[in-house]
Amino acid sequence: MDCIFCKIVEGSIPSKKVFENERIIAFHDIQPAAPIHILIIPKKHIPTMNDVAAEDDALIAEIFSVARQIAKEQGVDESGYRLVNNCNAEGGQVVYHLHVHLLGGKKLSGLAG
Ligand code: 5GP
Ligand code: ZN
């Protein structure tokens with residue numbers, strides 16, 4: 001499959017990983033939009049938020065749990081951070097493998113870009 005994030009999951013494209021378990025990986029964004037910019041993704045190829053099925057509920061909950069843990073490890077849990085999912089073209093999605101952006105390390109503004 002021609003999916004850049006599946007290739008990151010496989011390891012055929014390198015990434016700076018900060019977390020991995022059987023279901024999820026998290027790695028630094030290649031073009032950071034903030035001092036801390038980490039992507040948290042399921043290993044399973046789910047193209048967009050619209051493709052999340054009821055059977056994925058536990059996986060989605062775990063992505064948020066991992067995000068919380070990473071925010072703490074990165075030292076931004078108290079100062080604050082933002083979790084973002086872009087869905088489809090007008091949502092600004094570029095990579096069609098579900099991911100949550102964790103952004104922090106500065107005062108964020110401009111929610112709607
Ligand atoms: P989207 O706009 O789809 O929500 O975000 C995709 C994100 O993936 C972008 O912030 C982009 O910089 C990041 N990205 C794209 N290709 C790669 C890559 O090969 N490696 C990493 N680490 N990040 C990538
Ligand atoms: Zn994929």
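Here are some friendly notes on the predicted model above, point by point.

1. Conventions first. This is a predicted model in which local features need pLDDT of at least 70 and side-chain atom pairs count only at pLDDT 80 or more, while totals for chains, interfaces and linings use all residues. Residues are numbered from 1 along each chain as its sequence is written, with chains lettered from A and ligands numbered from 1 in the order in which they are written.

2. Confidence. The mean pLDDT of the protein chain is 97, and 99% of the residues score at least 70; pLDDT is the predictor's confidence in each residue, from 0 to 100. For the model, ipTM is 0.99 and pTM is 0.98.

3. Fold. Two helices and five strands make up the secondary structure of the protein chain, in the sequence order α-β-β-β-α-β-β. Helices here are DSSP runs of H or I with at least four residues and strands are runs of E with at least two, numbered from the N terminus.

4. Overall dimensions. The radius of gyration of the protein chain is 14 Å, which agrees with the value near 13 Å for a compact globule of 113 residues. This radius is taken over C-alpha atoms, and the globule rule is 2.2 Å times the number of residues to the power 0.38. Along the principal axes, the C-alpha atoms fill a box of roughly 35 × 30 × 30 Å.

5. Contacts and burial. Two residues are in contact if their C-beta atoms, placed from the backbone, lie within 7 Å. Of the contacts in the protein chain between residues at least 6 apart in sequence, 56% join residues at least 24 apart. Buried residues account for 24% of the 113; a residue is buried with 20 or more other C-beta atoms within 10 Å of its own, exposed with 12 or fewer, and partly exposed in between, the C-beta atoms being placed from the backbone.

6. The core. A nonpolar core is a set of buried Ala, Val, Leu, Ile, Met, Phe, Trp, Tyr and Cys residues joined through C-beta atoms within 7 Å. The largest one has 23 residues, and Ala26, Ile38, Ile40, Ala67 and Leu102 have the most contacts inside it. Two or more residues of this core come from each of α1 (4–10), β2 (24–28), β3 (36–42), α2 (57–73) and β5 (100–104). Leaving aside residues up to four places away in sequence, Ile38 touches Val18, Ala26, Phe27, His28, Asp29, Ile70 and Leu102.

7. Ligand 1. There are 14 residues around ligand 1, of which Ile30, Gln31, Asn86, Val94 and Val95 come nearest; a residue counts as near if its C-beta atom, placed from the backbone, lies within 6 Å. The shell holds seven nonpolar, six polar and one charged residue. In this scheme Ala, Val, Leu, Ile, Met, Phe, Trp, Tyr, Cys and Pro are nonpolar, Asp, Glu, Lys and Arg are charged, and the others, Gly among them, are polar.

8. The loop between α2 and β4. Ser79 sits in this loop, before β4 (81–84), and counts as exposed because it has 12 C-beta neighbours inside 10 Å. Gly80 belongs to the loop between α2 and β4 too, but with 13 such neighbours inside 10 Å it is partly exposed. The C-alpha atoms of Gly80 and Ala112 are 18 Å apart, with their positions 32 residues apart in sequence as the separation.

9. The loop between β4 and β5. Asn88 is found in this loop and has a positive phi, near 65 degrees. Most residues other than glycine have a negative phi. Gly91 also lies in the loop between β4 and β5, and is exposed, with 12 other C-beta atoms within 10 Å.
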